[in-house]
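Reader: I am new to this structure and would like some guidance. May I put a few short questions to you while we look at it together?

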Amino acid sequence: MESRTRHIAWAATVLVAAALLGWFIYATHHPDSRFAVKLGLDLAGGTELVYEADTTAIVGDKNEALASLREVIERRVNLFGVAEPLVQLERSSAVAGAEVDRLLVELPGVTDVAAAVESIGETPVLEFKLVDDVATSSATTTATSTYAVTGLTGRYLSSADLQFAQGTGALGGAVIVLHFNEEGAALFEQITRDNVGRALAIFLDGVSLSEPVIQEPIAGGEATITGNFTPVEAREMVRDLNFGALPVPIELVSSNSIGPTLGADAYQAGLTASFIGFGLVALFMIAWYRLPGLVASIALVIYILMTIALIKFIPVTLTASGIAALILSIGMAVDANVLIFERMKEELRAKKTPHDAVAIGFARAWPAIRDGHFTMLISSIILFWMGTSLVQGFALVFGLGVICSLITAVSITRVFLLAILPEKTTPAWTRLLETGFGNRNAL
């Protein structure tokens, strides 16, 4: 039999830890704090940009190109200082029978729409095209050029470097060296091997920078741009290429700005719903189970403190869906206590001591609690893995709630009950527990 004294010591330790968590949450409540809760666009206000992707020139897997586009834009907005941006793809029908691929960019806290659009628009579109010279019928006009699409774009770019060639004029000055990833290196080698003697034009944002003639197959995944760049222009181009060359051209189709007042109203409404939900659950537990219900409510407070502290520490960007997940997880946290109390009730009816009823009740309820929590945790992982950014926010908060619920229900509630209940039966404790358990035959 486990010592009650040891459980009292553990209960005191848990209460001290809970007090420290409460202090941490209070002390970091200031918006300027490193651990302040980061709010999403729907709660903090900000800018939403909707871009339409032009996928007509894509050679190969369109879905892969769009996924690469999302990664590049996300990296880009991160680099110019936006906290916790949300970038997601959306496919919708513009006209009957036609689908449009769109990119939704949410920038919490950003109210200058023009600056956001300009920053994203600075990202270059890099393309490599083969040159086909076509002579005109008139002797007074020069030949025009057409370009064959190769499929080699910025999506295959790994990095770009700035170098300075020796000499002057066209033979000297700033030179940009491109480094392709493994897939891009193989494609570049194939293009140069199959087209020796032809010119390969390098386009950046639709402008031909240079059209070098392929002299021989080029292995190793490196290409050189030798345009008439000034050092400043070349340095800015290398910077933009490293920030992320767009694999797919995009066009801004709409922009919306959510004011901070509207976001603050939504945040306060979510907090109010959370407090009401917690209060109703706590009142039900106390009214139905009396002393065990009070203990479960205290454990529920600690559960909420643990969840909020994790949200601050990770940190998690809290959205309206995240608040909904927090409210839902409060109800799920109580479910484990109900299972435990029902098992305890059965042991008390079998004339077990209160201390034994707690120990046996927890042991018998554990398999059901374990399976239920692991099922919910698997569901949250799947939602986070396969869902959009909005769904991921819900899944992450819900998953954290499930983990905290498992800890508080199995460990904290058990420690508190074993610290309070005597190891031997007394008439007073028997009457107290019967008030909470024994006379509720409808359960």
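**Salt bridges and helix packing**

Author: Let us begin with one side chain: R343 has a relative accessible area of 33%, so it counts as partly exposed. Please keep in mind that this is a predicted model.

Reader: What does the side chain of R343 meet in a salt bridge?

Author: The partner of R343 is E346, with 3.5 Å from N to O. E346 is partly exposed, its relative accessible area being 40%. The two residues are about one helical turn apart, because they lie three residues from each other in helix α9.

Reader: How many salt bridges are there by this rule?

Author: The count comes to seven. Another of them joins E347 and K352, whose closest N and O atoms are 3.7 Å apart. E347 is buried, with a relative accessible area of 5%, whereas K352 is partly exposed at 33%.

Reader: Which residues are linked with E347 in a network?

Author: K352 and R364 are linked with E347 in a network of salt bridges.

Reader: Which salt bridge links distant parts of the chain?

Author: One such pair is D101 and K62, which lie 39 residues apart, D101 in strand β4 (residues 98-108) and K62 in helix α3 (residues 62-79). Their closest N and O atoms are 3.3 Å apart. D101 is buried, with a relative accessible area of 7%, while K62 is partly exposed at 29%.

Reader: Back to α9, please. At what angle do α9 and α10 pack?

Author: Helix α9 and helix α10 (residues 354-386) pack at about 145 degrees, and their axes are 7 Å apart. The crossing is right-handed. Among the residues that meet there are M332, L339, R343 and E347 of α9 and F362, R364, A365 and M376 of α10. The contact consists of 15 nonpolar, two polar and three charged residues.

Reader: And how does α8 pass α9?

Author: That crossing is right-handed. The axes of helix α8 (residues 291-313) and helix α9 (residues 320-349) come within 10 Å and cross at roughly 145 degrees. The contact includes L300, Y303 and I304 of α8 together with I330, V334 and F341 of α9. Its residues divide into 10 nonpolar, four polar and no charged.

Reader: Changing topic: what is the order of the strands in the open sheet of three?

Author: The order is β7-β8-β11, and the pairing is antiparallel. The edge strands, β7 (157-165) and β11 (222-225), each pair on one side only. Strand β8 (residues 173-180) pairs with β11 over four bridges, and H179 stands opposite E222 in β11. Helix α5 (residues 182-194) lies across β8 and β11, at about 110 degrees to β8.

Reader: Is strand β2 largely enclosed or open, and why?

Author: Strand β2 (residues 46-53) is largely enclosed by the rest of the structure, because seven of its eight residues are buried. It pairs with strand β12 (residues 250-258) in the antiparallel sense over eight bridges. The bridge partner of G46 in β12 is I258.

Reader: Lastly, which peptide bond is cis?

Author: The bond from I314 to P315 is cis, with omega near -10 degrees. P315 lies in the loop between α8 and β13 (317-318). A further backbone detail concerns R290, which has a positive phi of about 60 degrees although it is not a glycine. Most residues other than glycine have a negative phi, and most peptide bonds are trans. R290 lies in the loop between α7 (260-289) and α8, and at 31% relative accessibility it counts as partly exposed.

Technical notes:
Residues numbered from 1 in each chain as written. Predicted model: local features only at pLDDT ≥ 70, side-chain atom pairs only at ≥ 80, totals over all residues. Heavy atoms only, no water. Axes fitted to C-alpha atoms, helices over the stretch in contact; angles between N-to-C directions. Left-handed = near helix turned anticlockwise from the far one by under 90°. Contact = heavy atoms within 4.5 Å. Nonpolar A, V, L, I, M, F, W, Y, C, P; charged D, E, K, R; others polar. Buried < 20%, exposed > 50% of the residue type's maximum accessible area, 1.4 Å probe, protein only. Pairing = 2+ DSSP bridges. Salt bridge = Lys/Arg side-chain N within 4 Å of Asp/Glu carboxyl O.
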